[in-house]
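Please open the structure in the viewer and keep the selection panel at hand. This tour proposes what to select at each stop and describes what is found there.

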Amino acid sequence: AVAIIENGKLLSNIVSTQIEVHRKYGGVMPEIASRLHAENIGVVLKEALDTANVKLEEIDAFAVTRGPGLIGALHVGLQAAKTLAMLYKKPLIPVHHLAGHIYANEYVQELKFPLLAVVVSGGNSELVLMKNHLDFEVIGETRDDAIGECYDKVARVLGLPYPGGIPIDKLAKEGEHTYELPIPLKGEKTLDFSYSGLKTNVINLVHNLEQKGEQVNVPNMCKSFQDVAVGLVIDRTVKAVKEYGVNQVLLAGGVSANSYLRSEIKTAMEKLNVQIDIPPMWCCTDNAAMIAKVAEHLFERKVFASLDLGADPNWSIQDWDKFEN
């Protein structure tokens, strides 16, 4: 994905999606993902420039996602951005992927601090406290699987297509909560998440029913699973809001497209009289507009990286300021 932004105005935001390619494998194949990135990045860059009616020499700085993410895919974007920064002698801005998801909300609403960002995606489940711009404190995170990964694995065992969030969300509306599933970390005083046990329980339950010759009621399983998975997010968010007294809650990441999560978190925050901001659907999945939005703030702070910048698939959002000058 490539986007061009000028003084807060998005001039272009081009995304080349790979979902159809990976769907046949039931999940992302890292090697294929990085190869497709290499094939398409030049095409996407040209389309972004043409749409914005801008030339490369007119760009003031080049921002790039340094991490977290798949190392091969990160490398493709990183090498492209470094090459452009070197060629045109412009600053290189390293951006954290999750910061992008959080700041995508800024296209819709002004951020009001202190705020709580609920970041839920295929690779991450985190609660991030922000007391000011670019001030990130992780107060809750997953101990194992991310919620989006859990959705994909459950969808696969139920014979549903990838990515799993959309079909599970749709079928859950037709089902009833009839299957008893464990509530992760029940009774623990923590803001952390855990989805490995829930995923394993659903897989084992489905296999046991199949071995007995019993048919799984897929809509009911989707409803039962989604109630627990989303319920954990709501529970942790409510606890964090009460503990930290935030003014605003932001939903961010790919799973923020889930209609049940959007509805439940809105209801929960209204009861607490806390402002909830839910990103438009185009902001939920990975894109470059969200990276550009963070980059504007980093550009003002002169957060630039040298050309020996490397990708970091495990980069913590709390460590972004190591590049601050």
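**First stop: the open sheet**

Select the five strands that form an open sheet in the order 7-6-5-8-9, where the pairing is mixed. Strand 7 and strand 9 (275-277) stand at the edges with a single partner strand each, so one side of each has no neighbour in the sheet. From one strand to the next, the twist averages 20°. Please bear in mind throughout that this is a predicted model.

**Second stop: strands 6 and 7**

Now restrict the selection to residues 125-130, which are strand 6, and residues 137-141, which are strand 7. The two strands pair in the antiparallel sense, over four bridges. Which residue of strand 7 is the bridge partner of V128? The partner is V138. Nearby in the selection, L127 may be displayed as well; G140 in strand 7 stands opposite L127.

Next, follow the chain from one strand to the other. Strand 6 and strand 7 form a hairpin, and six residues lie between them. Within the turn, select L134, which has a positive phi of about 60°.

**Third stop: helices across the sheet**

Add helix 8 (218-244) to the view. Helix 8 lies across strand 5 (115-120), strand 6, strand 7 and strand 8 (248-252), and its direction is at about 160° to strand 5. Then add helix 9 (259-272). Helix 9 lies across strand 5, strand 8 and strand 9, running at about 175° to strand 8.

With these helices still displayed, select helix 6, residues 165-172. Its buried residues are P167, I168, D169, L171 and A172. What covers the buried residues of helix 6? The cover includes helix 5 (147-157), helix 8 and helix 9.

**Fourth stop: strands 3 and 4**

Move to strand 3, residues 62-67, and strand 4. These strands run parallel and are joined by five bridges. At one position of the pair, F62 stands opposite L92 in strand 4. To travel from strand 3 to strand 4, the chain passes through helix 3 (residues 71-88), and this β-α-β crossover is right-handed.

Select strand 4 alone, residues 92-96. Are its residues mostly covered or uncovered? Strand 4 is mostly covered, with five of its five residues buried. Both faces are covered: on one side L92, P94 and H96 are buried, and on the other I93 and V95 are buried.

**Fifth stop: the nonpolar cores**

Select I102, Y103, V128, F136 and L298. In the largest nonpolar core, which has 51 residues, these five touch the most other members. V128, from the second stop, is one of them.

Centre the view on F136. Leaving aside residues up to four places away in sequence, F136 touches A99, I102, Y103, V128, L129, M130, I317, Q318 and W320. Another core of 49 residues lies apart from this one; V120, I147, V154 and I265 are among its members.

**Last stop: salt bridges**

The count of salt bridges comes to eleven. Begin with E31 and R35, whose closest N and O atoms are 2.7 Å apart in a salt bridge. Both residues lie in helix 2 (residues 30-52), four residues apart, which is about one turn of the helix. An α-helix has 3.6 residues a turn, so residues three or four places apart point the same way. E31 is partly exposed, with a relative accessible area of 47%, whereas R35 is exposed, at 53%.

Then select D192 and R143, which form a salt bridge with their closest N and O atoms 3.3 Å apart. D192 lies in the loop between helix 6 and helix 7 (196-211) and R143 in the loop between strand 7 and helix 5, so the pair ties together parts that are 49 residues apart in sequence. D192 is buried, with a relative accessible area of 19%, while R143 is partly exposed, with 45%.

Finally, select K199 and D145, whose side chains meet in a salt bridge (2.8 Å, N to O). K199 lies in helix 7 and D145 in the loop between strand 7 and helix 5, so this pair ties together parts that are 54 residues apart in sequence. Both K199 and D145 are buried. To close the tour, display R143, E188 and D192 together: salt bridges that share partners join these residues into one network.

Terms used:
Residues are numbered from 1 along each chain as its sequence is written. This is a predicted model: local features need pLDDT of at least 70, side-chain atom pairs count only at pLDDT 80 or more; totals for chains, interfaces and linings use all residues. Side-chain values use heavy atoms; hydrogens and water are left out. Two strands pair if DSSP finds at least two bridges between them. Buried means under 20% relative accessible area, exposed over 50%, partly exposed in between (1.4 Å probe, protein chains only). A crossover is right-handed if, with the strands pointing away from the viewer, the path from the first strand over the helix to the second runs clockwise. Contact means heavy atoms within 4.5 Å. A nonpolar core is a set of buried Ala, Val, Leu, Ile, Met, Phe, Trp, Tyr and Cys residues joined through side-chain atoms within 4.5 Å. A salt bridge is a side-chain nitrogen of Lys or Arg within 4 Å of a carboxyl oxygen of Asp or Glu. Axes are lines fitted to C-alpha atoms, for helices over the stretch in contact, and angles run from 0 to 180 degrees between N-to-C directions.
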